[in-house]
Amino acid sequence: MSLKITVLGSGTSQGVPAIGCDCAVCRSTDPRDRRTRPSILIELRGDGAREPFSQAVRSILVDTSTDLRAQALANDVRRIDAILFTHGHADHVLGLDETRRFNQMQKTPIGCYANAGTVDDLRRMFSYVFGKPRQLGGGVPQLRLFAIAGVFTMGGAEIVPVPLWHGELPVLGFRIGPFAYLTDCNRIPEESWPLLDGVRLVIIDALRERPHPTHFNIDQALAVVARIGAERAYFTHICHDLPHAATCARLPGGVQLAYDGLVLEINDGNRGGHVATSGDTDRNTPTPRKEP
């Protein structure tokens with residue numbers, strides 16, 4: 001199995017730089033300190049001559065962030081076969097209308113997968129998409145909503161929803177093979193920990209240094225990474241309290257901040273065997289920091 005993961009957005013709900021802010025991070029010239037709203041793209045790839053994944057689903061978007069159009073242009077995203085939603089907060093769903101362009105290019109509806117509460121949120125927030133249109137004409141995204149309550153298969157890959165808590169709101173993380181994406185959370189219930197057994201690479205919420213009522217801070221995220229036993233971890237949903245270079249310099253080996261445009265590739269030919277990542281590669285930073 002091979003996965004390519006692109007971090008489309010690594011910022012908090014207001015993005016970085018924040019409007020009207022003159023702090024050092026918001027004024028930084030380091031492109032890794034420019035953070036759009038959180039989202040990733042997961043591409044399923046075959047293993048050499050043998051293709052284990054269905055061609056029908058090979059590019060999975062996680063959340064339709066407010067910045068989806070800009071993210072798709074910056075990362076040359078040309079195909080979305082399915083969308084996984086972590087929850088219904090504005091920064092994770094308000095780019096949903098941008099999926100119209102992918103409908104036009106692919107000439108097919110896109111399946112959207114979320115827990116029942118998020119499905120209800122999407123139907124309410126985007127009634128013009130999921131309800132009877134009041135006006136004919138104009139573009140409307142062609143999307144199909146599916147409520148999920150457990151493990152399912154997509155394009156030959158097993159998708160494991162991981163229940164999490166975002167303050168008092170139940171949300172989902174997702175696991176595919178040795179990779180897990182756990183954004184917007186401050187607690188992992190005990191029943192979810194077994195779903196993370198064997199994860200080697202994790203992208204996880206780490207908002208800032210100080211505690212927060214709905215997000216992990218740096219220390220809490222490090223504790224989660226240690227309990228999972230992941231070989232590599234990247235922190236996301238980052239606010240303007242954390243400068244990229246200085247923060248990464250003091251994080252332990254194998255852990256660093258994610259950034260917009262970060263690309264990770266996982267090759268796991270034998271399940272349970274060694275997972276190799278290609279390291280940190282992106283089109284905007286010519287010499288990204290690498291783990292030893």
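Here are some exercises on the structure above, each with a worked solution.

A quick note on ground rules: this is a predicted model, where local features need pLDDT of at least 70, side-chain atom pairs count only at pLDDT 80 or more, and totals for chains, interfaces and linings use all residues. Residues are numbered from 1 along each chain as its sequence is written, and side-chain values use heavy atoms, with hydrogens and water left out.

**Exercise 1.** Find where T99 sits, decide whether T99 is buried or exposed, and list what T99 touches.

*Solution.*
1. Start with the backbone: T99 is in the loop between α2 (90-93) and α3 (100-106). Helices here are DSSP runs of H or I, at least four residues, numbered from the N terminus.
2. Next, check accessibility. T99 has a relative accessible area of 0%, so T99 is buried (buried is under 20%, exposed over 50%, partly exposed in between, with a 1.4 Å probe and protein chains only).
3. Finally, look for contacts (heavy atoms within 4.5 Å). Leaving out residues up to four places away in sequence, T99 touches T64, L68, I83, I110, P141 and L143.

**Exercise 2.** Work out which salt bridge partners are buried in the pairs D33–R35 and R79–D81.

*Solution.*
1. Fix the criterion: a side-chain nitrogen of Lys or Arg within 4 Å of a carboxyl oxygen of Asp or Glu. The structure holds twelve such bridges.
2. Take D33 and R35: their closest N and O atoms are 3.2 Å apart. D33 comes out at 5% relative accessibility, so D33 is buried; R35, at 2%, is buried too.
3. Now R79 and D81, whose closest N and O atoms are 2.7 Å apart. D81 is buried at 11%, whereas R79 is partly exposed at 29%.

**Exercise 3.** Place the D121–R124 salt bridge in its helix and describe the exposure of both partners.

*Solution.*
1. Locate the pair: D121 and R124 both belong to helix α4 (residues 116-125) and are three residues apart, about one turn of the helix.
2. Check the distance: the closest N and O atoms of this salt bridge are 3.4 Å apart.
3. Read off exposure. D121 has 24% relative accessible area, so D121 is partly exposed; R124 has 59%, so R124 is exposed.

Conventions: Helix = DSSP H or I, 4+ residues; strand = E, 2+ residues; numbered from the N terminus.
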